[in-house]
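Hello,

Here is the structure I promised to hand over. My notes on what turned up follow underneath, so have a look at it before you read on.

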Amino acid sequence: MNKVILIGRLVRDPEVRYSQGAEPLAVARYTLAVDRPMKKNGEKEADFISCVAFGKLGEFAEKHLKKGMKIAIEGRLQVRSWDDKDGKKRWTTEVLISSHEFCEKKEESGATPAAEGQAAPAEGFYPVDEDIEDDGDLPF
């Protein structure tokens, strides 16, 4: 079984690119800072986890996720490799997102809405685009 569930804060706004082709696919990449248990001397440490969201999840990340927000993610780990320009083998580990959720109200996160001049969200939560539905046909 390969299943990952994490709660952390976005280190920066998601970077979103679209694939080339007849039906472009959104690919959002972001880094999640996940707290480790405190050390005995009270120092905080965190792990920085690379995350990738495809399709409608990527579009959602582009529109609603901002630096500093606390979110929960669910997905699976993927390890991949490639050869760099010098011919050295490089490795990366990332979480391929199957879902992500807000963990706090907007006021608590200190993040701002994606669009300038956007109306204030109802009850302090970020607005969710009702057109975005999870149809279950993720590419992984």
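Let me begin with one residue and its surroundings. Setting aside neighbours within four places in sequence, Glu 15 is in contact with Val 27, Ala 28 and Arg 29. Glu 15 sits in strand β2 and is partly exposed, with a relative accessible area of 42%. Its C-alpha is 9.7 Å from that of Thr 31, a residue 16 places away in sequence. Please keep in mind that this is a predicted model.

**The overall fold**

The protein chain has two helices and six strands. Read from the N terminus, its elements come in the order β-β-β-β-α-β-β-α. Of the chain's 140 residues, 34% count as buried. For contacts between residues at least 6 apart in sequence, 61% join residues at least 24 apart.

**The second largest pocket**

Glu 15 comes up again here, as one of the residues that line the second largest pocket. The volume of this pocket is about 150 Å³. Along with Glu 15, the lining is made up of Arg 12, Asp 13, Arg 29, Tyr 30, Thr 31, Ser 50, Cys 51, Val 52 and Glu 94. Two elements, β3 (26-35) and β4 (46-54), give two or more residues each to that lining. In terms of residue class, five of the lining residues are charged, three are nonpolar and two are polar.

**Strand β4 and its cysteine**

Cys 51, from the pocket lining, is found in strand β4. Is Cys 51 buried or exposed? Cys 51 has a relative accessible area of 2%, so it is buried. Beyond its neighbours within four places in sequence, Cys 51 is in contact with Ala 28, Arg 29, Tyr 30, Leu 32, Ile 73, Val 95 and Ile 97. One of these partners, Tyr 30, is 21 residues away in sequence, with 5.3 Å between the two C-alpha atoms.

Ile 49 is in strand β4 too. With a relative accessible area of 23%, Ile 49 is partly exposed. Leaving out residues up to four places away in sequence, Ile 49 touches Leu 6, Tyr 30, Thr 31, Leu 32, Val 34 and Val 95. The C-alpha atoms of Ile 49 and Gly 8 are separated by 9.2 Å, and the two residues are 41 apart along the chain.

I looked for disulfides as well, and the structure holds zero of them. As a reminder, a disulfide is a covalent bond between the sulfur atoms of two cysteines. Cys 103 is partly exposed, at 34% relative accessibility, whereas Cys 51 is buried.

**Helix α1 and the aromatic pair**

How many aromatic pairs does a search of the whole structure find? The search finds one. The ring centres of Phe 60 and Phe 102 are 5.8 Å apart and their planes stand at 45°, so the pair is tilted; the tilted class covers angles that are neither under 30 degrees nor over 60. Phe 60 belongs to helix α1 (residues 55-64) and Phe 102 to strand β6 (residues 89-102), so the pair ties together parts that are 42 residues apart in sequence. The accessibility of the two rings' residues falls on either side of the 20% cut-off for burial: Phe 60 is buried at 13%, while Phe 102 is partly exposed at 24%.

Phe 60 has company in the helix. The buried residues of α1 are Gly 55, Leu 57, Gly 58, Phe 60, Ala 61 and His 64. An α-helix has 3.6 residues a turn, so residues three or four places apart point the same way. What covers the buried residues of α1 includes β2 (15-18), β3, β4 and β6.

Glu 62 also lies in α1, and it is partly exposed, with a relative accessible area of 37%. The C-alpha atoms of Glu 62 and Val 16 are 6.3 Å apart, although the two residues are 46 apart in sequence.

That is what I have for now. Happy browsing, and do write back with anything you would like to talk over.

Best wishes

Definitions and conventions. Residues are numbered from 1 along each chain as its sequence is written. This is a predicted model: local features need pLDDT of at least 70, side-chain atom pairs count only at pLDDT 80 or more; totals for chains, interfaces and linings use all residues. Side-chain values use heavy atoms; hydrogens and water are left out. Rings of Phe, Tyr and Trp (its six-membered ring) pair if their centres lie within 6.5 Å; planes under 30 degrees apart count as stacked, over 60 as edge-to-face and the rest as tilted. Helices (H or I, at least four residues) and strands (E, at least two) are DSSP runs, numbered from the N terminus. Buried means under 20% relative accessible area, exposed over 50%, partly exposed in between (1.4 Å probe, protein chains only). A disulfide is a pair of cysteine sulfur atoms within 2.5 Å. On a 1 Å grid over the protein atoms alone, a cavity is a set of points where a 1.4 Å probe fits but cannot get out, and a pocket is an open set with protein on both sides within 12 Å along at least five of seven lines; lining residues have an atom within 4 Å of a point. Grid points are joined across faces, edges and corners, and a volume is the space filled by probe spheres set on the points. Ala, Val, Leu, Ile, Met, Phe, Trp, Tyr, Cys and Pro count as nonpolar, Asp, Glu, Lys and Arg as charged, and the others, Gly among them, as polar. Contact means heavy atoms within 4.5 Å.
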